[in-house]
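The exercises below are meant to be worked through with the sequence and the model side by side. Try each task before reading its solution.

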Amino acid sequence: MTHRPTFNILAPSNISRRGLLKAMGAAGLGGVALAGGLRPSFAQDKTLNYFTWSAWGDKQFVADAKENAGLDLKTTFYSSSDEMMAKLRGGGTRLYDMIVPVQNYVHLAAKAGLIEPMDPANLPNASLVFPEFQGTEDWSYEGKLYGVPFVWGANAIAFNRKETGDVTSMDPLFDPKYAGKIAMRDEPEDSLAVGAMRLGIEKPFQMGEAELQEVKKLLISQKPLVRSYWRDFADVRNMLASGEVVVAWTFLAVIAPLREAGIDAGWVWPKEGAVGWNEAVTPVKGTQNLALVEQYANHTLSAEFGEMMARTTRYAPASKAAVDKLEPEMVKDLGIDTSTISRLVFKQVPPDKARWNEIWNEVKAA
């Protein structure tokens, strides 16, 4: 949307607007003076069209952007990285100013011409981020920076402790005792990686055909136990809240609302491993508001934003300064320990993504 401001230039009362413009033209000022030399008395439109995961467009984040960054966020949501890519390719670059990609999609999006690089000098709060998330290859492409993570964590297991007891491994996801009360994510990169880690495959995102077939066999054997392959985060949250599901492979953000509802919800990175990720604000290619996107990206790296985010969503801030604002008990509960990063298998785009999609569809169709 293009904002067309109304100019209110202070001029002597005895001169018309037409006369003023004529005089400016004679002086060699013209439109340049309007744009720069003479400041019009209108406020800059600070609206950003934000294409993101539902968590980052929640009303508290919209309010925070308004109050603490002076920005109006107009949010639209996607439920998977593939959906994000498809909609950007389908014309979304003309609709949105910024996105929040997972690290494994940054190179793909940059190569496809869907995102814009940022000037590191405009992200001073990057100095507050844990060293593990500064200057990583995932967020740079051809020497240009496309983001600095504000959040990190893992997709892992949520469980209803009353029904399952404490959980330390992936066993409950494959236990007939919980038949019809298990949920898995309807995404190849997550669910095939779960199968790979369950089988002890060291590099889940580099599997060859033989390993993919073993994973497919395992997940087909699991299928009769699965209540739902979920796509929408709200669906898995509601199933856990109602008791329809007692153990699920999901996001950490599900835990806070479950506990608020009185459910003794547990969260664990199982001993077999968990799928690691980190995310950052990234400008969409062609945005006319790059400076504002950089302003918001820098805001998300602040200690204040990171603290608010952690308390709101229970995700781990990438900002060490934000972590320092949290109680030790909360830091432990959120698993915010960079020494444990080595336990995570960070998401990658598989070399043959189309084949992964085929395998996953075969699992669901079995």
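**Exercise 1. Helices that cross**

Within how many Å do the axes of α7 and helix α8 (residues 209-222) come, and at roughly what angle do they cross?

Solution. Keep in mind from the start that this is a predicted model.

Step 1: the axes of α7 and α8 come within 9 Å, and the crossing angle is roughly 100°.

Step 2: angles of 65 to 115 degrees count as roughly perpendicular, and therefore α7 and α8 are roughly perpendicular to each other.

Step 3: on the α7 side the contact is made by Ser-191, Leu-192, Gly-195, Ala-196 and Arg-198, while α8 brings Leu-212, Val-215, Leu-218 and Leu-219.

Step 4: sorted by class, the residues in this contact of α7 with α8 are six nonpolar, two polar and one charged.

**Exercise 2. Another partner of α7**

Find the angle at which helix α7 (residues 188-198) packs with helix α15 (residues 353-365), and list the residues that meet.

Solution. Step 1: the two helices pack at an angle of about 75°, and their axes are 10 Å apart.

Step 2: this angle makes α7 roughly perpendicular to α15.

Step 3: from α7, the residues Pro-188, Glu-189, Ser-191, Leu-192 and Ala-193 meet Lys-353, Trp-356, Asn-357, Ile-359 and Trp-360 of α15.

Step 4: the contact of α7 with α15 holds six nonpolar, two polar and two charged residues.

Step 5: compare the lists to see that Ser-191 and Leu-192 of α7 appear in the contact with α8 and also in the contact with α15.

**Exercise 3. A further pair of helices**

Determine how α3 and helix α11 (residues 290-300) are placed relative to each other.

Solution. Step 1: their axes come within 11 Å and cross at roughly 105°.

Step 2: α3 and α11 are therefore roughly perpendicular to each other.

Step 3: the residues in contact are Phe-61, Asp-64, Ala-65, Asn-68 and Ala-69 from α3, together with Gln-295, Tyr-296 and His-299 from α11.

Step 4: four of the residues in this contact are nonpolar, three are polar and one is charged.

**Exercise 4. An open sheet**

Give the order of the strands in the four-stranded open sheet, and say which of them are edge strands.

Solution. Step 1: the order is β2-β1-β3-β12, with mixed pairing.

Step 2: β2 (72-77) and β12 (282-283) are the edge strands, since each of them pairs on one side only.

Step 3: strand β1 (residues 47-52) pairs with β2 in the parallel sense, over six bridges, and the bridge partner of Phe-51 in β2 is Thr-76.

Step 4: helix α4 (residues 81-89) packs on this sheet and touches β1, β2 and β3 (98-99), with a direction that makes about 130° with that of β1.

**Exercise 5. The largest pocket**

Which residues lie closest to the centre of the largest pocket, and which helices and strand each supply at least two residues of its lining?

Solution. Step 1: the largest pocket holds about 810 Å³ of space.

Step 2: it is lined by 37 residues, of which Ser-54, Ala-55, Phe-233, Ala-253 and Tyr-315 are the closest to its centre.

Step 3: at least two lining residues come from each of α3 (59-69), α9 (233-242), α10 (255-260), β11 (274-279) and α12 (303-313).

Step 4: by class, the lining has 17 nonpolar, eight polar and twelve charged residues.

**Exercise 6. Two cavities**

Describe the linings of the two cavities of 30 Å³ or more that a search of the whole structure finds.

Solution. Step 1: the largest cavity has a volume of about 70 Å³, and its lining includes Trp-152, Trp-267 and Trp-269.

Step 2: strand β6 (residues 151-160) gives the most to this lining, namely three residues.

Step 3: the lining of the largest cavity has seven nonpolar residues, two polar ones and no charged ones.

Step 4: the second largest cavity, of about 40 Å³, is lined by Ser-79, Ser-80, Arg-185, Asp-186, Glu-187, Trp-230 and Arg-231.

Step 5: here one residue is nonpolar, two are polar and four are charged.

Technical notes: Residues are numbered from 1 along each chain as its sequence is written. This is a predicted model: local features need pLDDT of at least 70, side-chain atom pairs count only at pLDDT 80 or more; totals for chains, interfaces and linings use all residues. Side-chain values use heavy atoms; hydrogens and water are left out. On a 1 Å grid over the protein atoms alone, a cavity is a set of points where a 1.4 Å probe fits but cannot get out, and a pocket is an open set with protein on both sides within 12 Å along at least five of seven lines; lining residues have an atom within 4 Å of a point. Grid points are joined across faces, edges and corners, and a volume is the space filled by probe spheres set on the points. Ala, Val, Leu, Ile, Met, Phe, Trp, Tyr, Cys and Pro count as nonpolar, Asp, Glu, Lys and Arg as charged, and the others, Gly among them, as polar. Axes are lines fitted to C-alpha atoms, for helices over the stretch in contact, and angles run from 0 to 180 degrees between N-to-C directions. Angles under 35 degrees count as roughly parallel, over 145 as roughly antiparallel, 65 to 115 as roughly perpendicular and the rest as oblique. Contact means heavy atoms within 4.5 Å. Two strands pair if DSSP finds at least two bridges between them.
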